[in-house]
Amino acid sequence: SDLSSVLSIENNAFYNCSGITSLNIPSSVTSIGSSAFSNCSKLTTISVYNSTPVDLSSSYGVFNNVDKNKCTLNVPYGSISAYQAAVQWKDFYKTVEMKTLNLSQNVVNITNAGGAANVALTSNITWTASIDQSWLTIYPASGTGNGTLTLTATTNPSSSNRIATITISATGVSNQTIVVTQGTVSNFITVSDTSLNLSQFVSTN
């Protein structure tokens with residue numbers, strides 16, 4: 001069951017809905033009433049997308065007769081301690097942080113002279129990186145958990161900007177990309193005719 005864009009779940013909203021096996025509670029939900037999911041006895045997975053647990057201290061038996069030893073509660077990355085301490089949420093035996101893969105930025109600019117740039121990666125899973133251009137390297141190219149990606153570009157000898165795309169991939173989450181643009185030398189002279197007048201570049205002093 002998907003409750004996208006719902007702000008509140010009223011008392012007994014899904015009472016006795018024994019056919020529900022999975023439930024997604026979006027981050028928009030700020031209140032859940034008493035017995036909202038009572039007797040949803042076949043629930044095996046509940047995924048909650050709010051990093052702060054909804055306060056259930058004034059709601060009675062929200063998950064009454066849900067098998068909390070078998071039903072997995074999936075919570076956002078970094079919020080597991082909060083849910084394990086929150087009223088009623090803490091009753092679930094299996095509370096698991098959702099897989100996550102995020103980057104501090106998705107666009108990087110590097111000068112024509114080359115050099116390095118760093119991008120922070122936040123993750124709780126194993127990931128790998130690939131690049132579609134040979135003039136750019138990334139270190140590390142794989143890992144598990146958080147890390148800092150160092151992107152290193154060689155000198156751009158051409159009169160055109162060049163672009164590379166880095167793809168960070170991991171099982172169970174959407175790929176993340178970094179688009180790297182490297183500038184060009186600003187004082188290139190392009191010859192487009194059989195003769196060239198250099199007077200505009202020559203000082204008379």
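Two strands pair if DSSP finds at least two bridges between them. Strands (E, at least two residues) and helices (H or I, at least four) are DSSP runs, numbered from the N terminus. The model is predicted: local features need pLDDT of at least 70, side-chain atom pairs count only at pLDDT 80 or more, and totals for chains, interfaces and linings use all residues. Residues are numbered from 1 along each chain as its sequence is written, and side-chain values use heavy atoms, with hydrogens and water left out.

**Exercise 1. Describe the strand pairing that involves β13.**

Solution.
Step 1. The protein has one helix and 15 strands.
Step 2. Strand β13 (residues 147–153) pairs with strand β9 (residues 115–123) in the antiparallel sense, over seven bridges. Within this pairing, A153 in β13 is the bridge partner of G115.
Step 3. Strand β11 (residues 136–139) also pairs with β13 in the antiparallel sense, over four bridges. Here L151 in β13 is the bridge partner of I138.

**Exercise 2. Classify V107 and A86 as buried or exposed.**

Solution.
Step 1. Apply the cut-offs: buried means under 20% relative accessible area, exposed over 50%, and partly exposed in between (1.4 Å probe, protein chains only).
Step 2. V107 lies in strand β8 (residues 107–110). Its relative accessibility is 54%, so V107 counts as exposed.
Step 3. A86 lies in the loop between α1 (80–85) and β6 (94–97). Its relative accessible area is 15%, and therefore A86 is buried. The C-alpha atoms of A86 and S57 are separated by 8.6 Å, although these residues are 29 apart along the chain.
Step 4. For the whole protein, buried residues make up 37% of the 205 residues.

**Exercise 3. Identify the nonpolar cores and the contacts of W89.**

Solution.
Step 1. A nonpolar core is a set of buried Ala, Val, Leu, Ile, Met, Phe, Trp, Tyr and Cys residues joined through side-chain atoms within 4.5 Å.
Step 2. The largest core has 25 residues, of which I25, I32, F37, I46, F63 and W89 touch the most other members. The elements giving two or more residues to this core are β2 (22–25), β4 (45–48) and β5 (72–75).
Step 3. A second, separate core of 22 residues includes L101, A129, L149 and V180.
Step 4. Contact means heavy atoms within 4.5 Å. Not counting residues up to four places away in sequence, W89 touches I25, I32, V48, P53, V54, L56, F63, L73 and Y83.
Step 5. Among contacts in the protein between residues at least 6 apart in sequence, 55% join residues at least 24 apart.
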